[in-house]
Amino acid sequence: MTANLLITIDTEEEGLWGGQYRTTGNTVENVCAGVGRFQELCDRYQIPPTYVIDAPVVTDADSVDLLRKIQDDGRGEIGTHVHPWCNPPQDSYWDKQTSFLCNLPEKLQREKIVWLTDEIEKQFGRRPTSFRAGRYGLDIVGARILRELGYTVDSSVIPFSNWSSEGGPNFEYAPHTPYFVGDRGLCERCETGSLLEVPVSVGFNRPDFQRAQSIRNFAMLPWLRRMRSVGILDRLGIVRRIKFSPEQARAQDMKQLIDAYLAGGAPVMVMLFHSTSLVSGQSPYVKTAERLEEFFADLAEVFEYCLTQRGMVPTTLSGFAEQYTQSPSMATT
């Protein structure tokens with residue numbers, strides 16, 4: 001079975017890393033400063049990335065012009081990315097709890113998603129069908145709204161991850177391969193449906209992910225945590241958690257994750273990073289010009305590995321959802 005490669009970019013405003021959530025006055029200079037070089041790299045490998053964009057981006061004329069040309073040329077997809085704090089309709093105050101879309105009343109969730117969906121359609125001439133919630137804050141309520149609005153694919157789930165300490169979702173035991181979303185819960189796998197969940201690729205440097213997670217959970221028990229057991233597992237390479245992102249993993253680790261996913265028969269891998277990492281000094285992951293060059297070098301190395309050595313096929317979020325829906329044989333547990 002040939003696996004697909006999906007590259008997704010949370011395309012958004014600067015200044016999000018200090019724990020503050022500005023409702024107005026947000027800038028998106030990173031988009032025009034960084035996307036061009038990145039898109040050239042994607043074009044070289046014939047990879048159509050998926051840019052999920054938020055309210056400050058869709059209301060910036062220069063960003064829209066750049067991204068619309070990419071879309072209209074068939075070189076990428078434009079999806080939806082709701083940041084509740086700066087997405088109309090707005091309140092005057094936001095904190096960590098309310099920065100998760102899933103913590104808002106259903107009516108307000110719907111109003112925010114509808115506003116951004118309609119604005120993207122207005123600016124890009126196409127109604128978006130792919131979605132990712134800001135801070136991954138989606139639950140079954142939001143998923144139902146997405147279905148009602150005609151979305152076919154979501155990628156808000158981050159397996160083996162837990163934000164409940166901040167009031168956010170717990171995806172610790174979510175599936176790491178695609179599944180249809182039913183009505184019981186966002187992380188419960190269904191065999192059929194109209195909304196496909198394609199989780200961001202997170203796993204370990206060994207293919208038995210569930211056992212690896214159990215080992216890490218054991219190492220996090222209070223009496224072992226004091227001995228920094230999780231860090232020891234990482235450093236020794238016994239059980240290393242890896243996210244498919246050049247922000248949090250270097251090329252060698254990402255290639256280990258690719259091998260582990262494909263060994264388990266996964267039909268797709270989803271890379272994620274933020275548009276602010278495409279320029280230096282705008283994200284904590286790419287602070288210097290030197291680190292930016294490493295970032296792009298890692299991307300190129302991983303693209304080469306996926307396409308040339310592992311025979312993966314690049315597509316967009318919505319493109320994969322269409323294939324998956326038409327070919328049930330792609331499904332895996």
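Strand 4, helix 5 (residues 140–148) and strand 5 make a right-handed β-α-β unit in this predicted model, and that's a handy place to start looking around. Strand 4 covers residues 130–133, while strand 5 is just residues 153–154. The two run parallel to each other and pair over two bridges. If you want a spot to zoom in on, find Ser-130 in strand 4, whose bridge partner in strand 5 is Val-153.

Strand 4 has another partner, too: strand 3 (residues 77–82), again in the parallel sense, this time over three bridges. Here Thr-80 stands opposite Phe-131 of strand 4.

Now for the side chains of strand 4. In a regular strand, side chains alternate between the two faces of the sheet. Ser-130 and Arg-132 lie on one side, Phe-131 and Ala-133 on the other, and all of them are buried, so both faces of this strand are covered.

Next, follow the chain out of strand 3. The loop between strand 3 and helix 4 (106–124) is home to Asp-91. Is Asp-91 buried or exposed? Its relative accessible area is 47%, so it counts as partly exposed. Setting aside neighbours within four places in sequence, Asp-91 is in contact with Thr-23 and Leu-108. Thr-23 is 68 residues away in sequence, yet the two C-alphas sit 7.9 Å apart.

Last stop, the largest pocket, with a volume of about 470 Å³. Its lining is made up of 22 residues, and Trp-17, Arg-135, Tyr-136, His-274 and Tyr-285 lie nearest the centre. By type, the lining splits into nine nonpolar, six polar and seven charged residues.

Conventions. Residues numbered from 1 in each chain as written. Predicted model: local features only at pLDDT ≥ 70, side-chain atom pairs only at ≥ 80, totals over all residues. Heavy atoms only, no water. 1 Å grid on protein atoms, 1.4 Å probe; cavity = no way out; pocket = protein on both sides within 12 Å on 5 of 7 lines; lining within 4 Å. Points joined across faces, edges and corners; volume = space filled by probe spheres on them. Nonpolar A, V, L, I, M, F, W, Y, C, P; charged D, E, K, R; others polar. Buried < 20%, exposed > 50% of the residue type's maximum accessible area, 1.4 Å probe, protein only. Helix = DSSP H or I, 4+ residues; strand = E, 2+ residues; numbered from the N terminus. Pairing = 2+ DSSP bridges. Right-handed = clockwise from strand over helix to strand, strands pointing away. Contact = heavy atoms within 4.5 Å.
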